[in-house]
Amino acid sequence: MNTRNTKQRQAIFDAIEHHGGHLTADEVYKLVKRRFPRLSLGTVYRNLRVLVEQGSLRELDFGMAVTYFETVKDSHYHIICRVCGSITDAEMPIERRLQSVVAQARNLGGFRIEEHRLDFIGVCASCQSKPKKAGRGARPIKSR
Ligand SMILES: [Zn+2]
Ligand SMILES: [Zn+2]
């Protein structure tokens, strides 16, 4: 791999880390393109995939039209607004309370649990105070 690729991949990782995570591939592209004007969206996708495979990034799928990327850190939970698509990390001390649940799951046919997810989906305070529009968020949720 040449140095330009390495630098681009590092820049992609840094952009997500500095932002605090939860960026779409498109948002990453816009951020990193400032530094690498010749960057293509395809390169961003390819590097995001490599970073996920390497275990440096985690891809989050909340059933919305797009997925989000964040750096891998301690397990935490997400609060997602289904109107504007804002995503907030929830640092909740519920890990210990969940341990017995995880232990029970482990007993289900000797399954090896690698991760668990807990998402809180609703409407954020700012969207609640806005007059109702016909669900036209910046990050609309995929209709199922
Ligand atoms: Zn909202
Ligand atoms: Zn997060």
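**Exercise 1. Determine the geometry of the site of the zinc ion (ligand 1) and describe its donors.**

Solution. The angles among the 4 donor atoms of the zinc ion (ligand 1) run from 104 to 117°, and the site is tetrahedral. The step from angles to label rests on a cut-off, because four donors count as tetrahedral if all angles lie between 85 and 135 degrees. The model is a predicted one, and the values in these exercises are to be read with that in mind. The next step is to name the donors: the SG atoms of Cys-81, Cys-84, Cys-124 and Cys-127 lie 2.2 to 2.3 Å from the zinc ion (ligand 1). Along the chain these donors follow the spacing C-x2-C-x39-C-x2-C. As for solvent exposure, Cys-81 has a relative accessibility of 1% and therefore counts as buried, whereas Cys-84, at 23%, counts as partly exposed.

**Exercise 2. Work out the strand order of the open sheet and state which strands stand at its edges.**

Solution. The open sheet is formed by 3 strands in the order S4-S3-S5, and the pairing is mixed. Strand S4 (87–90) and strand S5 (119–122) each have a single partner strand and stand at the edges, so one side of each has no neighbour in the sheet. On average, and with direction ignored, neighbouring strands of this sheet are turned by 20° against each other.

The mixed character can then be followed pair by pair. Strand S3 (residues 77–81) pairs with S4 in the antiparallel sense over 4 bridges, and in this pairing Tyr-77 stands opposite Ala-90 in S4. The hairpin of S3 and S4 has 5 residues between the strands, and in it Gly-85 takes a positive phi near 80°. S3 and S5, by contrast, run parallel and are joined by 4 bridges, with Cys-81 standing opposite Gly-122 in S5. Cys-81 is also one of the donors of the zinc ion (ligand 1). As to burial, S3 is mostly covered, since 4 of its 5 residues are buried.

**Exercise 3. Identify the residues that coordinate the zinc ion (ligand 2), and explain which parts of the chain His-22 and Asp-89 tie together.**

Solution. The zinc ion (ligand 2) is coordinated at 2.0 to 2.2 Å by NE2 of His-22, His-76 and His-78, together with OE of Glu-70 and OD of Asp-89. In sequence, the spacing of these donor residues is H-x47-E-x5-H-x1-H-x10-D. Because His-22 lies in the loop between helix H1 (3–19) and H2, while Asp-89 belongs to strand S4, the pair ties together parts that are 67 residues apart in sequence.

A closer look at His-22 adds two details to this picture. Its relative accessibility is 7%, and therefore His-22 counts as buried. The phi of His-22 is near 60°, which is a positive value in a residue other than glycine.

**Exercise 4. Characterise the crossing of helices H2 and H3 and list the residues that meet there.**

Solution. The axes of helix H2 (residues 25–33) and helix H3 (residues 41–53) come within 9 Å and cross at roughly 115°. The handedness of this crossing of H2 and H3 is right-handed. On the H2 side the residues are Ala-25, Asp-26, Val-28 and Tyr-29, and these meet Leu-41, Val-44, Tyr-45 and Leu-48 in H3.

**Exercise 5. Decide whether Gln-8 is buried or exposed, and name its contacts beyond its sequence neighbours.**

Solution. Gln-8 is found in helix H1. Its relative accessibility is 5%, so Gln-8 counts as buried. When neighbours within four places in sequence are left aside, Gln-8 is in contact with Phe-36, Leu-39 and Thr-43.

**Exercise 6. Summarise the protein chain by its secondary structure, its burial and its contacts.**

Solution. The secondary structure of the protein chain comes to 5 helices and 5 strands, and from the N terminus on the elements run α-α-α-β-β-β-β-α-β-α. Of the 144 residues of the protein chain, 31% count as buried. Among the contacts in the protein chain with a separation of 6 or more, 51% come from residues 24 or more positions apart.

Technical notes: Residues numbered from 1 in each chain as written. Chains lettered and ligands numbered in written order. Predicted model: local features only at pLDDT ≥ 70, side-chain atom pairs only at ≥ 80, totals over all residues. Heavy atoms only, no water. Donors = N, O, S within 2.8 Å, 3.2 Å for Na, K, Ca; no water. Tetrahedral: all angles 85-135°; square planar, octahedral: opposite > 155°, others 65-115°. Buried < 20%, exposed > 50% of the residue type's maximum accessible area, 1.4 Å probe, protein only. Pairing = 2+ DSSP bridges. Helix = DSSP H or I, 4+ residues; strand = E, 2+ residues; numbered from the N terminus. Axes fitted to C-alpha atoms, helices over the stretch in contact; angles between N-to-C directions. Left-handed = near helix turned anticlockwise from the far one by under 90°. Contact = heavy atoms within 4.5 Å.
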